[in-house]
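The following note sets out points on the metal sites and the principal pocket of the model shown below.

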Amino acid sequence: MTTPAKTTIIDTDLDRIAEAPGRIVVLIAKDGKLNAGAKRVNKLTRGALARMVDGGALDEMKSGDVKSLAWPAGLKAEAVDVLCIASRASAIEARKAGAALGKLLGKKGMIVLAASQASPVELMQGIALRAYEFTARKTGDQKTLGDVTMMVKDASDVEPLADAARAIVEGTFFTRDLVNEPANHLTTTEFANRIKDMEGLGLKVTILEEDKLEALGMGCLLSVGQGSASPTKVAVMEWMGGKDGDAPLALVGKGVVFDTGGISLKPASGMEDMTMDMGGAGVVAGVMRTLALRRAKANVVGLVGLVENMPSDRATRPGDVVTSMKGDTVEVINTDAEGRLVLADVMWYAQETYKPCAMIDLATLTGAIIVGLGHENAGVFSNDDDLCGAFLKAAEAEGEGAWRMPMGQAYDDELKSQIADMKNVGGRPAGSITAAQFLKRFVQEGIPWIHLDIAGVASVKSDTAYAPKGATGWGVMALNRLVADMAEGD
Ligand code: BES
Ligand code: MN
Ligand code: ZN
């Protein structure tokens, strides 16, 4: 996987500045006062920073903006980056400012003079999150990133917080790599193998193969994959770091490695984007990686349905009726509404097997959610105000957009079928909501549940606050925080 830049936290040592290669980052607040680190850089550069401040450079900068001085006289460094940020900036502000720096990280690395900063770890996390590039499918020299050295006031106080941040960055990169991979490389088998490899981190991983899925009666899930040469699989990841006997939180992900639409074939234009249709499963795998890396004191199970939606002589036809693991029958009106069929069976299996305290599913489920919310917010659907409120709070704290959508009986009524227990699509109106209503039919009585429609946020065509264009890793941070809030009491 793409390895995050190495990050170290050390006590401030201003004597290293003059000879350091790479970039030196100086933090200056709007008031223009130079802290000790800035003063040293100012002296070495014979007053460059003071001239910059006196010349009014800060007036046109807002928090998180960077101005760079290239090849500064008096230093070995290739640049001094002046970051405008208050010393008591909020965690999110610090992280976003860090991301602006992460964009600049090159192969010679970066020293950040962060002794005056209240949230140096947030700054570090922002740098590492943004310093990402997916190069696995490019030939030629791979750019390796230099180290990020955070100089802080008391490294031994700060370091214990840094490991959790590193775990989040690694989990997010794992998700982004999965989402960015093309479908001929990330087959269902390859996806399962990458998950299996996480056993090395202490996760318990089980891969359910087609014969087992058939025996379990997962007719909905299997109907999606039956037109593909790639075998359908369910991967189950268990992290039981919490109290014995505490019911786990279940995370369930849609892992359609490629969605052609099946017999209800999608148009050619833009179809290549459907390599990201395993985004929900990608986030589940990334969160589980983060939890394992930081040895979370929580019980969480992650289950993903891995499948490819292809047209072929064996593919499901529009009008076919399939039987879910729950026992309900579904008339498949549109084979392109396949994500809900995948989730229905995996959600049912998760509840039957683990009796979870709550269940959250993630899926790039509908184009309609992009029409409604664009690329800023994931759609949030829930049957439980408390769980939903806790999630929205966690997402906000992490700067990941999330917006609650309504549900209700009238939407559910759209799924009535003439010949089966339900259809897999409603009409054109409220497409994201009728999809959520379909899923709700597979949520057992009394289980608090959230459905996250991440079609608009999993992968985007322009840079975001934390990521370059492409896969974002949206949700790894919010879910990691929710787990911490719910089970770890911090
Ligand atoms: N994977 C798509 C949804 C999607 C669209 C994700 C755009 C990311 C970007 C999903 O399987 C799908 O095809 N949904 C259909 C549902 C319809 C047939 C009811 C859609 O949104 O058009
Ligand atoms: Mn589809
Ligand atoms: Zn899909």
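1. In this predicted model, the six donor atoms around the zinc ion (ligand 3) subtend angles of 77 to 175°, and the arrangement is therefore octahedral. As a reference, ideal angles for six octahedral donors are 90 or 180 degrees.

2. The protein contributes Lys254 (NZ), Asp259 (OD), Asp277 (OD) and Glu338 (OE) as donors to the zinc ion (ligand 3), at 2.0 to 2.4 Å. Their spacing along the sequence is K-x4-D-x17-D-x60-E. Distant parts of the chain are linked here: lysine 254 belongs to strand S9, while aspartate 277 lies in the loop between S9 and helix H9 (279-293), 23 residues apart.

3. Are these two zinc donors buried or exposed? Lysine 254 has a relative accessibility of 2% and so counts as buried. Aspartate 277, also at 2% relative accessibility, is likewise classed as buried.

4. The manganese ion (ligand 2) has as its protein donors Asp259 (OD), Asp336 (O), Asp336 (OD) and Glu338 (OE), which lie 2.1 to 2.2 Å from the metal. Aspartate 336 thus appears with both an O and an OD donor. The site is irregular, with angles of 71 to 169° among the six donor atoms of the manganese ion (ligand 2).

5. The donor residues of the manganese ion (ligand 2) follow the spacing D-x76-D-x1-E in sequence. Aspartate 259, in strand S9 (residues 249-259), and aspartate 336, in the loop between strand S12 (329-331) and helix H10 (339-354), connect distant parts of the chain, 77 residues apart.

6. The two metal sites should be read together. Aspartate 259 bridges the zinc ion (ligand 3) and the manganese ion (ligand 2), and the two ions lie 3.1 Å apart. Glu338 (OE) is listed among the protein donors of both ions.

7. The accessibility of the manganese donors also deserves comment. Aspartate 259 counts as buried because its relative accessibility is 3%, under the 20% limit for that class. Aspartate 336, at 22% relative accessibility, counts as partly exposed.

8. The largest pocket holds about 1,000 Å³ of space. It is lined by 41 residues, of which Lys266, Met274, Thr366, Gly367 and Ile370 are the closest to its centre. Helix H5 (155-180), S9, H10, helix H11 (368-373), helix H14 (431-440) and strand S18 (459-460) each give two or more residues to the lining.

9. As to the character of this lining, 13 of its residues are nonpolar, 16 polar and twelve charged.

Technical notes. Residues are numbered from 1 along each chain as its sequence is written. Chains are lettered from A and ligands numbered from 1 in the order in which they are written. This is a predicted model: local features need pLDDT of at least 70, side-chain atom pairs count only at pLDDT 80 or more; totals for chains, interfaces and linings use all residues. Side-chain values use heavy atoms; hydrogens and water are left out. Donors are N, O and S atoms within 2.8 Å of the metal (3.2 Å for Na, K and Ca); water is not among the atoms, so sites may look incomplete. Four donors count as tetrahedral if all angles lie between 85 and 135 degrees; four count as square planar and six as octahedral if opposite donors are over 155 degrees apart and all others between 65 and 115; anything else is irregular. Helices (H or I, at least four residues) and strands (E, at least two) are DSSP runs, numbered from the N terminus. Buried means under 20% relative accessible area, exposed over 50%, partly exposed in between (1.4 Å probe, protein chains only). On a 1 Å grid over the protein atoms alone, a cavity is a set of points where a 1.4 Å probe fits but cannot get out, and a pocket is an open set with protein on both sides within 12 Å along at least five of seven lines; lining residues have an atom within 4 Å of a point. Grid points are joined across faces, edges and corners, and a volume is the space filled by probe spheres set on the points. Ala, Val, Leu, Ile, Met, Phe, Trp, Tyr, Cys and Pro count as nonpolar, Asp, Glu, Lys and Arg as charged, and the others, Gly among them, as polar.
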